[in-house]
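Reader: Could you take me slowly through one part of this structure that rewards a close look, and then show me what surrounds it? I would be glad of a connected account rather than a list.

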2 protein chains.
Amino acid sequence: MAQKPGIPKGTRDFTPAEVSKRNYIINTIKEHFQTFGFQPIETPSFENLETLMGKYGEEGDRLIFKILNSGDYLSKVRDEVYQSKDSNKLALKITEKALRYDLTVPFARYVVMHQNEITFPFKRYQVQPVWRADKPQKGRFREFYQCDADVVGSGSLWQEVEFVQLYDTVFSSLKLEGVTIKMNNRKILSGIAEVIGAKDKLIDFTVALDKLDKIGEEGVKEEMIRKGISEEAIEKVRPLFNFSGTNADKLEQLKNMLSTSEEGTRGVEELNFIVNAIEVLGLISASLDIDVTLARGLNYYTGAIFEVAAPKRVRMGSIGGGGRYDDLTGIFGLKDVSGVGISFGLDRIYLVLEELNLFPETVSKELDVLFINFGEKEAMQSMKVIKNLRMNGINAELYPDTSKMNKQMKYANKRNVPKVIMIGEQELNDHTFVLKDMEKGSQETHPLENIQNLF
Amino acid sequence: MAQKPGIPKGTRDFTPAEVSKRNYIINTIKEHFQTFGFQPIETPSFENLETLMGKYGEEGDRLIFKILNSGDYLSKVRDEVYQSKDSNKLALKITEKALRYDLTVPFARYVVMHQNEITFPFKRYQVQPVWRADKPQKGRFREFYQCDADVVGSGSLWQEVEFVQLYDTVFSSLKLEGVTIKMNNRKILSGIAEVIGAKDKLIDFTVALDKLDKIGEEGVKEEMIRKGISEEAIEKVRPLFNFSGTNADKLEQLKNMLSTSEEGTRGVEELNFIVNAIEVLGLISASLDIDVTLARGLNYYTGAIFEVAAPKRVRMGSIGGGGRYDDLTGIFGLKDVSGVGISFGLDRIYLVLEELNLFPETVSKELDVLFINFGEKEAMQSMKVIKNLRMNGINAELYPDTSKMNKQMKYANKRNVPKVIMIGEQELNDHTFVLKDMEKGSQETHPLENIQNLF
């Protein structure tokens with residue numbers, strides 16, 4: 001009996017229409033990565049297991065897909081280990097490779113391995129799939145693309161300025177207007193922790209603060225007190241409860257609030273530089289907004305933190321994020337290489353463009369013209385014409401069989417082709433062709449030599 | 001201690017220069033796939049194990065990378081199975097997924113799963129990596145790209161004609177002139193087997209015949225006799241030992257030789273149609289050559305067989321191949337879907353272009369202009385200019401730090417950038433810029449408003 005075909009849960013087939021739409025997004029992102037001077041690299045789909053393990057926390061380790069060693073992989077497993085029948089212990093003996101979990105750790109590994117051939121600062125982009133053994137659910141997949149751009153080897157804040165511009169340029173280019181680029185700085189968060197005198201409570205503090213819209217000032221304060229943050233401490237950062245106005249207003253409030261913290265003050269200065277530069281240079285369609293509740297990957301980032309929110313009319317989590325990290329490559333033996341990078345969330349951007357109907361119509365029009373097949377001689381004449389059209393970059397094809405007109409036209413409709421050309425016996429003799437415009441429904445006869453003018 | 005980073009054997013990192021060159025080839029192939037009316041699909045990197053197993057022969061099964069189940073994968077393994085400590089038996093219990101081994105089986109699976117949404121004939125292309133646990137050696141990798149185009153759902157020979165044109169168009173477009181597209185037909189091989197009265201000796205026969213250049217007619221005949229093919233049989237296909245002349249000459253000889261075989265005659269007719277059509281339509285730079293020793297994947301193909309040889313001045317195996325298969329999807333339950341397809345060998349094409357120095361110089365020029373950083377105010381002025389250049393599609397960047405000129409120029413050289421622009425204090429005041437042409441070594445001052453004219 002034949003196998004009933006299926007695919008592993010959490011994975012997807014992409015149809016031609018879907019690939020075209022995904023490529024539209026990916027190509028737009030890549031195009032701007034390039035105008036901003038980023039260079040592409042690619043790394044292998046699987047890395048040595050030890051390159052990945054221990055980099056993503058305990059939960060991350062569990063979500064890494066491990067590849068079974070080839071050949072008689074059990075022959076090297078000692079009986080004692082084998083007899084314990086312990087999944088974790090055995091896994092370390094029968095797997096040596098694992099699928100990439102993100103693009104950041106492979107990038108760090110790449111930089112260290114290639115440090116002698118790289119000229120720093122190194123601006124790289126990478127658009128490749130990653131794999132996670134997460135429980136699949138709506139919008140969460142086991143295989144998905146990451147689109148990352150990073151610069152390593154420079155502490156210059158112009159990089160942060162550029163990343164704000166890059167987000168703005170890409171989303172404007174995708175006609176996705178009204179995104180908000182939220183920014184924070186790890187040093188500001190540290191300053192807040194210093195001021196409230198509770199470094200260990202920083203996450204509790206930001207998590208509570210983030211609920212301001214939902215539970216109000218009193219609710220947030222209650223939660224903070226419940227988490228062990230004192231009323232005096234809360235009083236010291238009171239401006240955060242009415243944190244509004246322009247970015248300049250916010251910076252002024254932060255400056256005053258964090259004046260006693262050296263690190264906090266440095267964070268405010270950094271943010272000030274970036275906000276000021278963007279003010280001078282201008283943005284196309286996005287807005288930049290200081291958000292002190294932004295704390296993604298707190299242990300990872302050391303400076304700027306970015307997150308991009310879709311336009312408010314769409315319900316969607318963040319569609320991009322990133323930040324500065326000061327010791328990405330240390331784990332592989334290369335110290336003191338500062339880096340900063342951002343990521344675009346392809347799957348979510350896709351959903352947003354779909355919902356707002358922002359994919360250009362041309363994306364799904366892949367075939368420009370179909371030639372109807374009336375028989376061998378007529379087909380040969382069509383093939384001569386098709387050859388020239390293709391050489392001019394026009395996507396053209398002959399229906400391969402001499403099927404009924406009905407069937408051939410049905411195919412034309414399904415392929416969403418705007419033009420159909422018919423060269424039958426009479427046209428062959430007259431040296432003409434019949435053009436059927438699929439949108440207007442009109443049909444006209446033209447001399448064969450005029451065919452190039454149609455496109 | 002820091003980990004010493006490495007990558008699994010048989011895998012590769014691709015540097016920016018390598019990615020650019022690979023993309024140049026891939027984009028050229030894709031561009032022509034599209035002008036020929038093919039549509040892109042993508043399938044998951046891993047498939048269910050049973051989708052892949054048993055499709056590539058016993059050796060193939062061994063070379064498939066299997067993915068260890070997540071979680072406590074041993075908990076479901078019965079003790080009896082476990083105690084046998086048999087690598088093969090255990091593998092079936094602790095793995096359910098495996099990395100794609102080629103693009104053909106996933107394509108067949110795709111067609112069957114999506115048969116109700118596909119309009120046949122279905123012309124699809126697919127450019128994705130595949131993985132094989134082969135012993136790595138020069139030019140053979142464990143992860144490599146395949147670039148495939150196939151049509152399913154039509155038996156029309158126009159498809160074969162198109163594939164010959166497609167090869168010619170792609171290689172001509174890559175400026176790789178002088179490739180030979182070798183063609184054979186499975187039915188001709190069957191005809192030969194019929195005529196020599198030894199169907200089971202067909203592979204021995206073609207293998208021996210293929211050595212004609214090396215060991216001469218006598219050597220080949222000796223080998224055939226040693227393999228058990230009779231002298232009378234060999235006499236019947238004598239024309240094959242002096243198989244030369246034009247394709248028309250060869251077809252004439254084949255026609256006479258195989259006149260007693262119905263299948264052989266059909267093969268000659270098919271080949272004749274294709275050769276004739278190509279004669280009429282013409283090729284740009286490749287040549288089409290009938291080669292009866294061509295037998296790749298004998299059990300797989302049922303009609304046309306293609307193989308592309310690099311120009312004779314390069315020592316390289318085939319750089320492409322394909323053919324017609326009559327029952328690709330049968331294994332997944334969809335019968336009688338004829339298909340034909342070809343593949344481009346990316347890694348080998350890369351080596352050939354490298355050897356013949358055919359990569360355009362522009363491929364490695366990724367950055368159009370670098371702006372030197374003289375300090376905050378000057379950098380801001382540069383950033384204003386850069387913003388406009390980028391919006392016009394020019395790849396531009398500011399050196400992020402105010403490092404010594406020396407270091408900044410070294411970076412410019414390493415990035416292979418053709419133009420460097422300097423806006424220092426004086427230029428800032430004068431509203432000018434200094435252009436350094438990195439090829440000529442010249443240096444000139446221009447008014448700032450003329451900057452767009454440079455590109």
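Author: Happily! One definition helps from the start: helices are DSSP runs of H or I with at least four residues, strands are DSSP runs of E with at least two, and both are numbered from the N terminus. Please also keep in mind that this is a predicted model.

With that numbering in hand, look at chain B and find the loop that lies between helix H6 (104-113) and strand E5 (122-131); B:Pro121 sits in this loop. The peptide bond that leads from B:Phe120 into B:Pro121 is cis, and its omega is near -5°. Now turn to chain A, where A:Phe120 and A:Pro121 are joined by a cis peptide bond with an omega of about -5°. A:Pro121 is placed in the loop between helix H6 (104-113) and strand E5 (122-131) of chain A. Another backbone detail worth a glance in chain A is A:Lys175, which has a positive phi of about 60° although it is not a glycine. This lysine, A:Lys175, belongs to the loop between helix H7 (158-173) and strand E7 (180-185) of chain A.

How are the two chains related? A turn of 180°, with a shift of 0.0 Å along the axis, lays chain A on chain B with an RMSD of 0.1 Å. The two copies are thus related as by a two-fold rotation axis. If you want to find that axis from chain A, go to A:Ile67: its C-alpha is the one nearest the axis in that chain, at 2.2 Å. The copies meet through the same surface, because 100% of the interface residues of chain A are also interface residues in chain B.

Within chain A, the domain assignment gives domain 1 (16-64 + 101-355) and domain 2 (365-454). The C-alpha centres of these two domains of chain A are 51 Å apart.

Let us look at some helix packing in chain A. Helix H1 (residues 16-35) packs with helix H14 (residues 346-355) at an angle of about 110°, and their axes are 10 Å apart. That angle makes H1(A) roughly perpendicular to H14(A). On the H1(A) side the contact includes A:Tyr24, A:Ile25 and A:Ile26, while on the H14(A) side A:Leu346, A:Ile349 and A:Leu353 are among the partners. By class, the residues of this contact between H1(A) and H14(A) are 7 nonpolar, no polar and 5 charged.

A second helix pair in chain A is formed by helix H9 (residues 202-209) and helix H10 (residues 212-226), whose axes come within 8 Å and cross at roughly 145°. Here A:Phe205, A:Val207, A:Ala208 and A:Leu209 of H9(A) meet A:Leu212, A:Val220, A:Glu223 and A:Met224 of H10(A). The contact of H9(A) with H10(A) has 7 nonpolar, no polar and 1 charged residues.

Next, a sheet of chain A: its 5 strands form an open sheet with mixed pairing, in the order E13-E12-E14-E15-E16. Strand E13 (396-398) and strand E16 (443-447) of chain A are at the edges with a single partner strand each, so one side of each has no neighbour in the sheet. On average, neighbouring strands of this sheet are turned by 25° against each other, direction ignored. Further in, strand E12 (residues 369-372) and strand E14 (residues 419-422) of chain A run parallel and are joined by 4 bridges. In this part of the sheet A:Ile372 is opposite A:Met422 in E14(A).

Chain B also offers an open sheet of 5 strands, with mixed pairing and the order E13-E12-E14-E15-E16. Its strand E12 (residues 369-372) pairs with E13(B) in the parallel sense over 3 bridges, and B:Val369 stands opposite B:Ala396 in E13(B). Helix H16 (residues 405-414) of chain B packs on the sheet, touching E12, E13, strand E14 (419-422) and strand E15 (432-437), and its direction makes about 175° with that of E12(B). Helix H15 (residues 376-391) of chain B lies across E12 and E13 of that chain, and runs at about 165° to E13(B).

Terms used
Residues are numbered from 1 along each chain as its sequence is written. Chains are lettered from A and ligands numbered from 1 in the order in which they are written. This is a predicted model: local features need pLDDT of at least 70, side-chain atom pairs count only at pLDDT 80 or more; totals for chains, interfaces and linings use all residues. Side-chain values use heavy atoms; hydrogens and water are left out. Domain bounds come from an automatic or database domain assignment. Two strands pair if DSSP finds at least two bridges between them. Axes are lines fitted to C-alpha atoms, for helices over the stretch in contact, and angles run from 0 to 180 degrees between N-to-C directions. Angles under 35 degrees count as roughly parallel, over 145 as roughly antiparallel, 65 to 115 as roughly perpendicular and the rest as oblique. Contact means heavy atoms within 4.5 Å. Ala, Val, Leu, Ile, Met, Phe, Trp, Tyr, Cys and Pro count as nonpolar, Asp, Glu, Lys and Arg as charged, and the others, Gly among them, as polar. Copies are superposed by least squares on the C-alpha atoms of residues with pLDDT of at least 70 in both.
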